There are 2 protein chains.
Amino acid sequence: MSTPCYAELTRAYTRLYRYQHIGAIVGWDRNAMMPPKGNEARAAAEAELSALIHRTRTDPRLKQWIDAAEQEPLDELARANLREIRRDWRDANALPESLVEAKTLAGARCEHAWRSQRPANDWKGFLENFRPVVKLAREEARLLSDSTGLAPYDALMDRFEPGVRAADIDRIFGDVRQWLPGLVAGAQARQSAEKIILPQGPFPVAAQRALNREVMGLLGFDFEAGRLDESAHPFSGGVPEDVRLTTRYHEDDFARSLLGTIHETGHARYEQNLPRDWLGQPVGSARSYGIHESQSLSFEMQLARSRPFAGLLAPLLRKHFGDQPAFDPDNLNRLWTRVKPGFIRVDADEVTYPAHVILRYEIERPLVEGLIEAEDIPALWDERMQALLGLDTRGNYGDGCLQDVHWTEGAFGYFPSYTLGAMYAAQWFAVIRRQVPDLDARIGRGELAPVFDWLRANVWSQGCLWDTPELVRRASGEALNPQHFRSHLERRYLQA
Amino acid sequence: MSTPCYAELTRAYTRLYRYQHIGAIVGWDRNAMMPPKGNEARAAAEAELSALIHRTRTDPRLKQWIDAAEQEPLDELARANLREIRRDWRDANALPESLVEAKTLAGARCEHAWRSQRPANDWKGFLENFRPVVKLAREEARLLSDSTGLAPYDALMDRFEPGVRAADIDRIFGDVRQWLPGLVAGAQARQSAEKIILPQGPFPVAAQRALNREVMGLLGFDFEAGRLDESAHPFSGGVPEDVRLTTRYHEDDFARSLLGTIHETGHARYEQNLPRDWLGQPVGSARSYGIHESQSLSFEMQLARSRPFAGLLAPLLRKHFGDQPAFDPDNLNRLWTRVKPGFIRVDADEVTYPAHVILRYEIERPLVEGLIEAEDIPALWDERMQALLGLDTRGNYGDGCLQDVHWTEGAFGYFPSYTLGAMYAAQWFAVIRRQVPDLDARIGRGELAPVFDWLRANVWSQGCLWDTPELVRRASGEALNPQHFRSHLERRYLQA
């Protein structure tokens, strides 16, 4: 087979992969290691690298090679890779540099001011910086729409969740909207009589560190191919060959770091188990934000917050912190499945979380489409929070529509991925439970291989071979079906 | 002033500086942080970055800009920068890529095999890989000689010590050769009656870490602009804005890590105090390997191994390790100034160290010049070790001519920098002592500012404004004068 243009493309993308590797490591270093006075020179160095990566992705020869490679005799894998290369090329080339720069600038200005406007509850001040961000995001959506043939909001979302459309989200979130308030109420009613013993700190950082590492080991994290360190904002970074997780310790609360680390370990195992032979090419990378979140939530929600897993953790807590009544597995499980509607998305429990996402989707989509304006957000926010969670947010912008960083930087189309991730995870576990009827008993004995084997075969090893809907169909035999998420919540919160 | 070509050059070198920043951080990460399975992908990523840096330094436009900038109206600083840019350009462009690749390959093969040949004492096996390295180094020296107009060995050395010639080294080392054996014998005779109490371990790693950090603080290391971590082979890396030191701990011996860290702190302070306004341009970087070593040896030899500094360290040792008789300052000072001729350069004391360097210089120079062949090395080595240190090394290649990594990789012309560094340091302190007659008393009180202020004004702040001989003249009022080194050794080892 003669595929000279495809070969040129793979060489170009291998080079790009290596530049991105370097960028990922210095990015991790900036967050986890760099002393404060290193910041200015580092910012300049990272910007230079970003410019280089941008030049590499917009090299005019790429387009010729992509078009010519379409005519070359490629096998299925190469064809999938070419499809992902075209996607990457489109993402990098759809927008004129002037727009990218203007949006970066407006976003940075809005985000910077937001840091003090949020605590000051200053919606009016925020609005002034936010309007230009919205304007530029609409322009971005229009241009992406032109280059993809998708509707504007779909074009934004497609960068995060390839193949998923607003019509799908409408169907799925419309379904959730129906049963979620009832489920929240039901869970709260059931839990109102529960007695919970709170863990008593302090929990020394060194002991938490050792606990986290041991639990990561239990979850199969490969410490020969990754690290756990500390940073102000925990994240999963690095490269598939060398995954860098971070966490943050609070001496009065071990669970926040532990559950956060378990969450990041889900992201990490996906990266560590991507198809080794394809690494360096787009087809060898993780599928999407939603699929990535399905891994972190498989680990955190499906595994770690289950009763059997609490039974695994209890002896480890006793080992690292000494014994105390709160470490009873039933108590731990009750503690980690507590349902309580609240203002803040990132503090939300598993059951109320989707309400926060649905609310944002129902605001950001018409905002991007020009059906509402930035000024209309607070009223809509109040109305939906009342309807979905029964909370009054009027006048409380800081704990309301000013709480997230995403919109300040003009990142619209991202929020749905969080709840899609929770739903994919529930759907994966529905399949695993069908195939392994005694799954809970096995988890309780520490036999996690059935879960990891299934995820490896159906998600990790698949890279970007398929778009998201096709990956879901191949893995679970059906399209994304919110019924699995509902059943999971009902079993855990209404029937357990 | 219209200086368009000079402006182009400064832009190109700013970009290069940023790429090198990125390379320095990932290089530090590889040595201090990277888990083992990250190695393969990292090697590929770093090679890609090296190729990018090489392309940047060999961009054909640079030569035109350099030549044109010579005709532009530049101030003194810009003219010095242009001189350094030309030097960098010449270094990067003097050698054809085929030679660079062949030398890298031959060096890597020789170095890799050497790792097992040294412990096996296998000189014959080594010779086979070493011959091609020598051949390529001669070719390199010839080409560098053509492009610089210097003699071949001078051209090699000029990359490490700009402006210093073999004729200077002959004069200096010829002088040292005269008095060194007598000084070694004298010091040993004096010390033969000394009683030394050895410190009793173990010294826990956490306590050593805390001690090292405290001593670095005492020496003015800025922890807001740098870090101390651990690696198998300690080094000073990172960038001037963010210096990364490493050390290695041995629980039975705190002094190795402590004195090593003090040594690296000298390198670090030079970097942290380079002229901030010029950073990003070649004129803003450290002058040379020898001048760099003069800073680490100012800290380690001139300061740390002096009697007054032992008085500063003693209470810190007691604080971190508890008290013991060995921590008496006189005892510490005796321990750290012990003279004992030995086979191994890196284990050598301050007095015998120059002998190791002179020996290597007297072999590598005629080797590069084609006056001797690789086969002749062992006999020469034996003869010089006998003459300089009175040691019999016959047949012991592993502890003889196979002990260093430098030659395996074809790095000829580097060794003199070590002893030049020791001599510059002695010369700096001779000036400081003239200006601050009560220097020892001040050091004993922890007043180190006179030393740091002098080094800042005369070395750190000068960057690459002058070549090495001119820097030395400006700082000390005379050319490098080995008499200062001799006086320092005589005062410390024969008169103290």
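In the predicted model, the axes of helix H5 (residues 97-117) and helix H6 (residues 123-148) of chain A come within 9 Å of each other and cross at roughly 150 degrees. H5(A) is therefore roughly antiparallel to H6(A), since angles over 145 degrees fall in that class. The crossing of the two helices is left-handed.

On the H5(A) side, the contact is made by Leu99(A), Ala102(A), Lys103(A), Ala106(A), Gly107(A), Arg109(A), Cys110(A), Ala113(A), Trp114(A) and Gln117(A). These residues meet Gly125(A), Phe126(A), Asn129(A), Phe130(A), Val133(A), Leu136(A), Ala137(A), Glu139(A), Glu140(A) and Leu143(A) of H6(A). By class, the residues of this contact comprise 12 nonpolar, 4 polar and 4 charged.

In chain B, Asn129(B) lies in helix H6 (residues 123-148). Its relative accessibility is 19%, so Asn129(B) counts as buried, the cut-off being under 20%. Leaving aside residues up to four places away in sequence, Asn129(B) touches Arg109(B), Cys110(B), Ala113(B) and Gln117(B). Asn129(B) is separated from Arg244(B) by 115 residues in sequence and by 34 Å in space, C-alpha to C-alpha.

The two chains were also compared by superposition. A turn of 180 degrees with a shift of 0.0 Å along the axis lays chain B on chain A with an RMSD of 0.0 Å. This is the relation of a two-fold axis. In chain B, Val26(B) has the C-alpha nearest the axis, at 3.4 Å from it. The same surface serves both copies, with 100% of the contact residues of chain B recurring in chain A.

Methods: Residues numbered from 1 in each chain as written. Chains lettered and ligands numbered in written order. Predicted model: local features only at pLDDT ≥ 70, side-chain atom pairs only at ≥ 80, totals over all residues. Heavy atoms only, no water. Least-squares fit on C-alpha atoms with pLDDT ≥ 70 in both. Contact = heavy atoms within 4.5 Å. Axes fitted to C-alpha atoms, helices over the stretch in contact; angles between N-to-C directions. Helix = DSSP H or I, 4+ residues; strand = E, 2+ residues; numbered from the N terminus. Parallel < 35°, antiparallel > 145°, perpendicular 65-115°, else oblique. Left-handed = near helix turned anticlockwise from the far one by under 90°. Nonpolar A, V, L, I, M, F, W, Y, C, P; charged D, E, K, R; others polar. Buried < 20%, exposed > 50% of the residue type's maximum accessible area, 1.4 Å probe, protein only.
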